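Q: Take one part of this protein and look at it closely. Say what surrounds it and what comes before and after it in the chain.

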Amino acid sequence: MAPAKKVKKNSENTNSRIKMVMKSGKAHLGYKATLRALRSNKAKLILIASNCPPLRKSSLEYYAMLAKCNVNHYSGSNVELGTACGKFFNVSTMTILDAGDSDILTAKVD
């Protein structure tokens, strides 16, 4: 049972960082906005939900590699990522342009 608690604690920590970014930083939600930010080289970090389609996921990873941007794979589904952002809709991808007061860019993701 101990590993399950650790996973839950890590996801809660990630969710709190996402909430802090939404409150104090700048972020774009959605696939098209993420591509736009990658092409203009404004993206600092990309979060991809676990149930994002594989073709879309691979194209985002390719664009991120070209833009020299970090990619984190969010452990929850798009419903959970939308909830972590404080929205009432599904979010498959999230782009962080400015972290604000959050340490999500420097934190180690497990």
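A: Start with the buried residues of helix H2: Ala33, Thr34, Leu35, Ala37 and Leu38. They pack against strand S1, strand S2, helix H3 and strand S4. The model is predicted, and everything below is read from it.

Thr34 deserves a separate look. It is found in helix H2. Its relative accessible area is 0%, so Thr34 counts as buried, the cut-off being under 20%. Leaving aside neighbours within four places in sequence, Thr34 is in contact with Ile46, Leu60, Thr93, Met94 and Thr95. Ile46 belongs to S2, which spans 45–48. Leu60 belongs to H3, residues 54–67. Thr93, Met94 and Thr95 lie in S4, which spans 93–98.

Next, the helix partner. H2 and H3 pack with their axes 9 Å apart, at an angle of about 20 degrees. Two packed helices are described by exactly this pair of values, the angle between the axes and the distance between them. Angles under 35 degrees count as roughly parallel, and H2 and H3 are therefore roughly parallel to each other. Their crossing is left-handed. On the H2 side, the contact involves Tyr31, Thr34, Leu35, Leu38 and Arg39. On the H3 side, the residues are Arg56, Ser59, Leu60, Tyr63, Ala64 and Ala67. By type, the residues of this contact divide into 7 nonpolar, 2 polar and 2 charged. Thr34, Leu35 and Leu38 take part in this contact, and these three are also among the buried residues of H2.

Now the chain just before the helix. Gly30 sits in the loop between S1 (26–29) and H2 (31–39). With a relative accessibility of 22%, Gly30 counts as partly exposed, because that class lies between the 20% and 50% cut-offs. Beyond its neighbours within four places in sequence, Gly30 is in contact with Val91 and Thr93. Val91 is 61 residues away in sequence, yet the C-alpha atoms of Gly30 and Val91 are 6.1 Å apart. Thr93 is also a contact of Thr34.

Then the chain after the helix. H2 is followed by Asn41, which has a positive phi, near 60 degrees. Most residues other than glycine have a negative phi. Asn41 lies in the loop between H2 and S2. Its relative accessible area is 54%, so Asn41 is exposed, the cut-off being over 50%.

The partner helix has a positive phi after it too. Lys68 has a phi near 55 degrees, again in a residue other than glycine. Lys68 is placed in the loop between H3 and S3 (70–73). With a relative accessible area of 77%, Lys68 is exposed.

Finally, the setting. The protein has 4 helices and 4 strands. From the N terminus on, its elements run α-β-α-β-α-β-α-β. Of its 110 residues, 36% count as buried. The protein exposes about 7000 Å², and carbon and sulfur atoms supply 55% of that area. Among contacts with a separation of 6 or more, 80% join residues 24 or more positions apart. The contact of Gly30 with Val91 is one of these, at 61 residues apart.

Technical notes
Residues numbered from 1 in each chain as written. Predicted model: local features only at pLDDT ≥ 70, side-chain atom pairs only at ≥ 80, totals over all residues. Heavy atoms only, no water. Helix = DSSP H or I, 4+ residues; strand = E, 2+ residues; numbered from the N terminus. Buried < 20%, exposed > 50% of the residue type's maximum accessible area, 1.4 Å probe, protein only. Contact = heavy atoms within 4.5 Å. Areas by Shrake-Rupley, 256 points an atom, 1.4 Å probe, with all protein chains shown as cover. Axes fitted to C-alpha atoms, helices over the stretch in contact; angles between N-to-C directions. Parallel < 35°, antiparallel > 145°, perpendicular 65-115°, else oblique. Left-handed = near helix turned anticlockwise from the far one by under 90°. Nonpolar A, V, L, I, M, F, W, Y, C, P; charged D, E, K, R; others polar.
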